[in-house]
Amino acid sequence: MSPSKKKARIRDEVLARLAMQETASLMNKAIELTLDRDAKAAQERVLKHFDQTRADVQGNPLLDKYSKELVQVMVKLMRDADLNINFRAQEFFASSKSDSKYMTKFEKHRQAGAPMGDTRNEVEMKMFRYGERVGVDSSTATTGEKAAGARLASFAVSTSPKFAGVIRPRYCSVNFPSVIDGMGAQWGRSHFVLADHLKPNMTFIHTDSFDDVSSKYDPIAKTKNTAEHVQSTKMANYHHMQRLIVNMSNNLFELLMDTSLGDTAPREKCAIIKKKYNLSPTSYVEGHIHAELHFRRDIKKIRICNTEKNGGQKVAENIRNFATKYNIQVEYFD
């Protein structure tokens, strides 16, 4: 490779990483526009819940104040919750890992787990509107916002000649009920617990994005689930999580409410909690990490399910070596 081509390649890699972190920043504009509306709608949902389930508090003049405070408790619970990436230990640690970071499917072209192809691309294009320069085409857009939108269109659209897989998000679940094996345990009960410093530059949605964003028809909006609709009414961020309360299913709302009130037992198995609240395997709050995920820097701990160590001594050895290499604490559970 010639020096000029190498320089251009390095420049594009840097710009792609910049655009990756700008994704959430651009989306914040749309999220912040409805902050007051979302906060009011979240409180109304809590009030409705008490009206339908608690006859003993109906008409209480303090209920309005209490419901507003309870929304704040629910939001704080989600903000403070562990972020988990679930996996099957016998698969993830089947061989020695040479990568120093957790890559997106578009970087690694991994075929295991959730699909990588057209459906995943459709979902991400709708959620993050990569090719639409969202929020930067108006007359009020700053020069920096326009430049950021152009970078997204250049590096995040899969058909672009400069497409960089690194820009696509890494997915996790928000473990607000503190279940022992993470809310994404259908992908494997073992999981990473991610570092809290990732949270401010993340986005969130109230369910598995495949279940909602890729649907052809939105029964609530009674329209096709367009990219604009997803971003303007459903996507949330760390500072404005009220949208999650507004949009999540009734059953997940019940779980969030009960956990906020201290009516659930921590360290319960995910399968038991989901059965109790009649939740589907993919019913959880989904998080999107718009940053590279380095094992040494961004993993708080690894939690390994003992029943998933059935790969023999080699798997156990790979876990120990991985944890030592990246200085990560390992916990085991049944």
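Trainee: In this predicted model, Ser-190, Phe-192 and Leu-194 point one way from E4, and His-191 and Val-193 point the other way. What makes these residues of E4 buried or exposed?

Mentor: The term buried applies to a relative accessible area under 20%, whereas exposed requires over 50%. Residues on both sides of E4 are assigned as buried, so each of them falls under the 20% cut-off.

Trainee: How many residues of E4 are buried, and what is the strand called as a result?

Mentor: Five of the five residues in E4 are buried, and the strand is described as mostly covered.

Trainee: Why are strand E1 and strand E4 said to pair?

Mentor: Pairing requires at least two bridges between two strands. E1 (residues 82–87) and E4 (residues 190–194) are joined by four bridges in the antiparallel sense, so the requirement is met. Within this pair, Ile-85 stands opposite Phe-192, and Phe-87 stands opposite Ser-190.

Trainee: What joins E4 to strand E9, and in which sense do they run?

Mentor: Four bridges join E4 to E9 (residues 299–305), and the two strands run antiparallel. Because the criterion is at least two bridges, E4 and E9 also count as paired. Here Leu-194 of E4 stands opposite Ile-299 in E9.

Trainee: Why is strand E3 called largely enclosed?

Mentor: Six of the six residues of E3 (residues 170–175) are buried, so the strand is largely enclosed by the rest of the structure. Arg-170, Cys-172 and Val-174 point one way, Tyr-171, Ser-173 and Asn-175 point the other way, and all are buried.

Trainee: How do you know that E3 has pairing partners, and which strands are they?

Mentor: E1 and E3 pair in the antiparallel sense over three bridges, with Asp-82 opposite Asn-175. Four bridges join E3 to E7 (residues 286–289), again antiparallel, and Glu-286 in E7 is the bridge partner of Ser-173. Both bridge counts satisfy the minimum of two, so both pairings stand.

Trainee: Where do these strands lie in the sheet, and what is the pairing called?

Mentor: The open sheet has eight strands in the order E6-E5-E7-E3-E1-E4-E9-E10, and its pairing is mixed.

Trainee: What makes E6 and E10 edge strands?

Mentor: E6 (236–237) and E10 (329–333) each have a single partner strand, so one side of each is left without a neighbour in the sheet.

Methods
Residues are numbered from 1 along each chain as its sequence is written. This is a predicted model: local features need pLDDT of at least 70, side-chain atom pairs count only at pLDDT 80 or more; totals for chains, interfaces and linings use all residues. Side-chain values use heavy atoms; hydrogens and water are left out. Buried means under 20% relative accessible area, exposed over 50%, partly exposed in between (1.4 Å probe, protein chains only).
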